[in-house]
Amino acid sequence: MLLTTSLALLVSSIAFLGHDFYSYRASWAEDVATEANILSLSTAPAMAFDDRKVATQNLAALRARPSVLGAALYSPDGELYAKFVRPREAEPPERAPDQFDGVMINGQHVEIIRRISYNDEFLGTLYLSARYEVIGRVRAYFGIVLSVMVLSIALALSLSASLQRAITSPLEAIAEVAGQIVNRRDYSLRLEQTTEDETSVVVQALNRMLDEVQSRTQALEESNASLLEEVAERQAARAALASANARLESTMAAAEIGGWVRDFKTGELTVDRNFAALLGWSDELMVGRDTELRRRNIHQDDIQAWDAAKAEAQVTGTLASKELRIIQPDGSLRWVIARGKVQFDDDGSPRRLAGLLIDVTAQKKAEQARRDNELVYRAIGESIDYGVWLTDPSGRNTYASESFLHLTGMTQAQCSEFGWGNVLHPDDAEATIEAWRDCASRGSAWYREHRVLGIDGKYHAILAQGLPIRGDDGAIQGWAGINLDISRLKRTEDALLAADRRKDEFLATLAHELRNPLAPIRNAAEVVGSPQATDEQRQWGRDVIGRQVRNMALLLDDLLDVSRISRGRLELKKATVRLADLVAAAVETAQPLITTRQHQLTIMLPPDPIELNVDPLRISQMLCNLLTNAAKYTPSGGQISVSADVDEKGLRVAVRDNGIGLSKAALTTVFEMFSQVEAALERSNGGLGIGLALTRGLALLHGGSVEAASEGEGSGSAFTIHLPSSVLIANPSSISRSPAETKATTTSECSILVADDNQDAADSLALLLGVRGFDVQVAYSGMEALAIARCNCPAVLILDIGMPQINGYEVAQTIRAESWGATPVLIALTGWGQQEDIDRARASGFDMHFRKPVDFNMLIASLNSALTAKSE
């Protein structure tokens, strides 16, 4: 029984010891692992912000745990970051162990390795070494067991026999309770003391042991609960911090704001993702570590100012808003503002600088766009003569363009004090100032023409117009407007009025000039038709009619020539001709008027012949116009001269007279269309005012010019034609006579059809042609002309263009399409004489084109030439 008791006690003790050992060791290992988890959480922020001091303090807190021998923190690259070692204990490894997270138990020694991370970012490794006090615990147990066993054996020896049965029952109870404790891990169970014998001691000892185990278990459970509660609180705080950080980071990202912290002691820079994004990168750790990268991102022109701002911040404690240009990886620029605060140590030295980087690129672009718009609008305003102006609500000028100030010689200050009123024309000043005051009081638009005195001493016409500027509440904040230079418009308006006046004068004069020849024509026609008239009187009537018709034809030709010149449609027909012949032709034309006015004409030409390559008709026309004007505007018995000379510049031909002369004002307008000299209007033989305009146009077509000179009214005039040296023939030679000078050969007994819807015109022309021996038929419409032509096939058809039913162009085209239509000579005789009319006539099949009224001799000569060419 003694052996059994001993064995039972021994087995029970070993069972208790083994269970307690493994149970306590597992619980103890969990406790240490929990402590390691807590420690990794508490050191994560310090590792994130690279705060070695805080990390070391967190490790030093392990002094309160005697079982912890040492601990160490390692950076992500495995380097030792911070450590804690108890005296006379082994140092932790210099580099982070290679094992993954977990607990490694080697006898009494326990090693725990934990990865430290924050926001899924790996920050480093925690290493913790602890020792489980097995020997002490075993000693305690063995002391108790030995005590119990000694007592039990002593009691068993003395009472073995008598108490054998009593001891067995308690042991069974002990075994049962022990089994329940093992199975249920319920340390609140106790052995019931049923006797006062030896077994009660064992029961008491076991109960005391259970009390100790329960006490330690409760303490451990309370510690674990406390740790779990602390872990939960820290996890909640961590979650709240992460949420707050996420919200802050999202808000800053939306506002394009980045955060950064610079440690002046270590030189390290910590930045967030927004900061890296503003620099154009995605890795904030790389941006924080790479100083050269950050410096390369700053525009070269801003680096010096940025360094100076940081140095100043270490003194003042504030980094004032500093604008920087950031060069993005793609080469584009981003504008940012950096601002921050410096934290100082107790000794006053700067510890760290925390700041923000704010993206202001959009604001900068908007400012640049506004400046560009201002420059554009200012340029537009300054491009307007005379710029723009602004006023305040009272109507006081606050801005005037430089062009206006330069025009008037005022400063802006003078203009703002109503100095612009002092430069107004005296006739405009009072009314303009009063109108502006009324405009300012009523808040209406401004529109007014006035004249201002310029620094050149002249008055300049200005149209000022503007509108009130109203705020959101409708109140007037001022006026804005422009000053338009309308001097040219006013000059154009005056010129148009003058041109309109000259046009009216021209029309009146034209009517007068047309009536003048009609009166003698009508009288002469009465004389020719009178039965009582003698042959001499009838011949006189015919001469009058012929002469007046020629005058009307010349008048109409001049009008057509001026029109063609103004439209650039007049073509010169140049030929080689002597100057003397041109002067003689012009004198011959003007001679009747010169003779009638009893003027003395003097011609002074160089002794050597002068040959020209010009249009003979147009040069003669120019000289004739000048001679005719001299004869008209010189009192009877006056002196007229024609002179010419040649120099290196060309030929000069001058026509001088001692007539009514020209005023200075008339000299500037005498060559304009419809220009009339007032003194000439009083004379009965004043012209239309187109002769000199025609002369200037013809001179310009030859590459020359014409100029007028006069000493004044009553002092005569001189008109000089200048022709360039290019018209001069270097080696004069014999000049053949023109075909117009040869005697025309008349082909008699030729059939001619005259068609014109004007019966008088058709009959009179047919009569003249019949007198010359031609066989003439007459038609008064296009249809009639076609019918007669198809029956008789005439050799010549003289057709009017503007006939009813079908016009002359259509008649010509129809005839040319007939089988016999290629032979007849087709002549257009019409009042339409523009170049396009001539071109259309030729395109329709006409051989010649003449304007009404036609020179009959010229018509006969051209007709004979055409018939001769057809016969050949």
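**Strands, cores and selected residues of the predicted model**

Strand 26, spanning residues 825-830, is mostly covered, with six of its six residues buried. The model described here is predicted. In a regular strand, side chains alternate between the two faces of the sheet. In strand 26, Val-825, Ile-827 and Leu-829 point one way, while Leu-826, Ala-828 and Thr-830 point the other way, and all are buried.

Strand 26 has pairing partners in strand 25 and strand 27. Strand 25 (residues 796-799) runs parallel to strand 26 and is joined to it by four bridges. Within this pair, Leu-797 is placed opposite Leu-826 of strand 26. The pairing of strand 26 with strand 27 (residues 848-851) is also in the parallel sense and extends over four bridges. Here Thr-830 has Arg-851 of strand 27 as its bridge partner. Helices connect these strands in two units. Helix 23 (residues 808-817), together with strand 25 and strand 26, makes a right-handed β-α-β unit. A right-handed β-α-β unit is likewise made by strand 26, helix 24 (residues 835-844) and strand 27.

Strand 22 (residues 717-724) provides a case of antiparallel pairing. Seven of the eight residues of strand 22 are buried, so this strand is largely enclosed by the rest of the structure. Strand 20 and strand 22 run antiparallel and are joined by eight bridges. Arg-656 has its bridge partner in strand 22, namely Ala-718. Strand 21 (residues 705-709) also pairs with strand 22 in the antiparallel sense, over five bridges. In this pairing, Ser-705 stands opposite His-722 of strand 22.

The largest nonpolar core comprises 38 residues, and Leu-579, Leu-612, Leu-627 and Leu-651 are those with the most contacts inside it. At least two residues of this core are supplied by each of helix 16 (579-596), strand 18 (611-614), helix 17 (616-632), strand 19 (639-647), strand 20 (650-657), helix 20 (691-701) and strand 22 (717-724). Helix 17 gives the largest share of the core, eight residues. A second core, separate from this one, has 26 residues, including Val-68, Ile-112, Tyr-118 and Ala-130. With residues up to four places away in sequence not counted, Leu-612 touches Ala-575, Thr-576, Val-577, Leu-579, Leu-582, Leu-651, Val-727, Leu-728 and Ile-729.

Strand 13 (446-453) follows a loop that separates it from helix 13 (426-442), and Ser-444 is found in this loop. Ser-444 counts as buried because its relative accessibility is 17%, below the 20% cut-off. Apart from residues up to four places away in sequence, Ser-444 touches Cys-439, Pro-468 and Trp-479.

Arg-451 lies in strand 13 itself. The relative accessibility of Arg-451 is 31%, and this residue therefore counts as partly exposed. Leaving aside neighbours within four places in sequence, Arg-451 is in contact with Val-423, Leu-424, His-425, Asp-427, Asp-428, Tyr-459, His-460 and Ala-461. With one of these residues, Asp-428, the side chain of Arg-451 makes a polar contact through the side chain of Asp-428, at 2.9 Å. Arg-451 and Pro-426 are 25 residues apart in sequence, and their C-alpha atoms are 9.0 Å apart in space.

The structure holds zero disulfides. Cys-793 is accordingly in no disulfide, and the nearest cysteine sulfur, that of Cys-791, lies 8.5 Å away. A disulfide would require the two sulfur atoms to be within 2.5 Å. Cys-793 has a relative accessibility of 37% and so counts as partly exposed. Cys-624, by contrast, counts as buried because its relative accessibility is 12%.

For the protein chain as a whole, the secondary structure comes to 25 helices and 27 strands. The chain has 872 residues, of which buried residues make up 42%. Among contacts between residues at least 6 apart in sequence, 59% join residues at least 24 apart.

How values were computed: Residues numbered from 1 in each chain as written. Predicted model: local features only at pLDDT ≥ 70, side-chain atom pairs only at ≥ 80, totals over all residues. Heavy atoms only, no water. Buried < 20%, exposed > 50% of the residue type's maximum accessible area, 1.4 Å probe, protein only. Pairing = 2+ DSSP bridges. Right-handed = clockwise from strand over helix to strand, strands pointing away. Core = buried A, V, L, I, M, F, W, Y, C linked by side-chain atoms within 4.5 Å. Contact = heavy atoms within 4.5 Å. Polar contact = N/O pair within 3.5 Å; in protein donor to acceptor, adjacent residues only side chain to side chain.
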